[in-house]
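Thank you all for coming. I would like to take a few minutes to go through one structure, starting with its overall form and then turning to its interior and one of its pockets.

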Amino acid sequence: MLYYLFKYFEEEFNMPGASLFGFITFRAAIAFVLSLAFSTIYGKRIIAFLQRQQVGETVRDLGLEGQAQKAGTPTMGGVIIILATLIPVFLLCQLDNIYVVMLIITTVWMGLIGFTDDYIKIFKKDKGGLKGIFKVIGQVGLGAIIGSIMFFHDGVTIKEEKANAKNSQELITQNLPIEFEAAKKSTKTTIPFVRDNEFDYASLIDWIDPSLANWAWLVFIPIVIIIVTAVSNGANLTDGIDGLAAGTSAIVVITLALFAWISGNIVFSDYLNVMYIPNSGEMVVFVTAFAGALVGFLWYNTFPAQVFMGDTGSLTIGGIIAVLAIATRKELLIPILCGVFLMENLSVMMQVSWFKYTKKRHGEGRRIFLMSPLHHHYQKRGIHESKIVVRFWIVGILLAIISVVTLKMR
């Protein structure tokens, strides 16, 4: 809203300084500061409110060191992250930008699913929370909405350089900007480690008949659904020890903010030879607000945690990361960028699958890890959770650097 207010002041009264709100970098910086301030200042009040409502975590006895001390710690702290993100977004973003609209829908949608799950666990005294089938339905529903917007909405486009080798060589020689074609809808995305650095989902179906490219949504939307479901569940599994999910997620979203800024800037996307996505730069304001909320939440969530995010936070975080990656057309980088989530997911899948197989084969279930997800395995080995968290953060930073480097690795 401040964006539109200062835009009006600039156009009608030529107000000094009002033009600053037209710059994405300025609004992104303000969004980060506002979200960080809200999450740290008002976060304490929200935690106190949750304590008064006796919204305490019920901890299962898993035989982990320090586990008993966590009982009664307020949960549903994801509300802090959601509010600290949305308030700066409504103040500073262009709310008619389709990418911002998608992210707001994702935040509210996944937040409601996570909130319902936490509410059932705490107030209905049902440790199982929201039944898994309803969580999956919610994730699939969001994936279908995001996939449909990405494929059908006229505001979701890309611009490609004009294919004229002679002209391009002349422009480069004279140090002139490369010319772009008109914005067009496309199912192309970024794929690392290949020459052109691009992959078109339509190629999965139009090899049968070129006319089938118009039906590429039959392939594209299910892929989006899988990505949204997988990443949101990965973030949910990672939320197991103090500061792990929030810290690794902050690293991921800051990297995605860089991708959004490059992809939405015609100069830098041209210089780095990265797909130019018109209007996607506005997501930077949302992402910096989200990053500020995560960092502020860490103020209270690092060991020993004063609040847990619960599914309200973890499912929301995973959903936002998935949609950001899809919107910036970097979703095929998720296995690298979200490698910590992937390791946590795989550890659970491997543990369950091996246990079932060995029980059927030998009559006794065996385990690969001392406990899954992976962070619990290291806890069982006697490593303090603070050390585990910092080491996972370091791995996350390395994976983020590798993800950025892939922009030039062809």
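What we have here is a predicted model, and I begin with its overall dimensions: for 410 residues a compact globule would have a radius of gyration near 22 Å, and because the protein has 23 Å, the two agree. Along the principal axes, the C-alpha trace spans about 70 × 60 × 35 Å.

As for secondary structure, the protein has 15 helices and two strands. If we take the contacts between residues at least 6 apart in sequence, 73% of them join residues at least 24 apart, and buried residues account for 49% of the 410.

Turning to the interior, the largest nonpolar core holds 96 residues, and those with the most contacts inside it are Ile81, Tyr99, Met102, Leu256, Phe290 and Ile321. Helix H10, which covers residues 283–301, gives the most to this core, contributing 13 residues. What does phenylalanine 290 touch, once its neighbours within four places in sequence are left aside? Its contacts are then Ile81, Thr85, Val253, Ile317 and Ile320. There is also a second, separate core of eight residues, with Ile241, Val340, Leu374 and Ile388 among them.

Finally, the second largest pocket encloses about 330 Å³ of space. Its lining comprises 16 residues, and Glu161, Asp196, Glu198, Asn273 and Val274 are the ones that lie nearest the centre of the pocket. By residue class, that lining divides into eight charged, four polar and four nonpolar residues.

Technical notes. Residues are numbered from 1 along each chain as its sequence is written. This is a predicted model: local features need pLDDT of at least 70, side-chain atom pairs count only at pLDDT 80 or more; totals for chains, interfaces and linings use all residues. Side-chain values use heavy atoms; hydrogens and water are left out. On a 1 Å grid over the protein atoms alone, a cavity is a set of points where a 1.4 Å probe fits but cannot get out, and a pocket is an open set with protein on both sides within 12 Å along at least five of seven lines; lining residues have an atom within 4 Å of a point. Grid points are joined across faces, edges and corners, and a volume is the space filled by probe spheres set on the points. Ala, Val, Leu, Ile, Met, Phe, Trp, Tyr, Cys and Pro count as nonpolar, Asp, Glu, Lys and Arg as charged, and the others, Gly among them, as polar. A nonpolar core is a set of buried Ala, Val, Leu, Ile, Met, Phe, Trp, Tyr and Cys residues joined through side-chain atoms within 4.5 Å. Buried means under 20% relative accessible area, exposed over 50%, partly exposed in between (1.4 Å probe, protein chains only). Helices (H or I, at least four residues) and strands (E, at least two) are DSSP runs, numbered from the N terminus. Contact means heavy atoms within 4.5 Å. The radius of gyration is taken over C-alpha atoms; the globule rule is 2.2 Å times the number of residues to the power 0.38.
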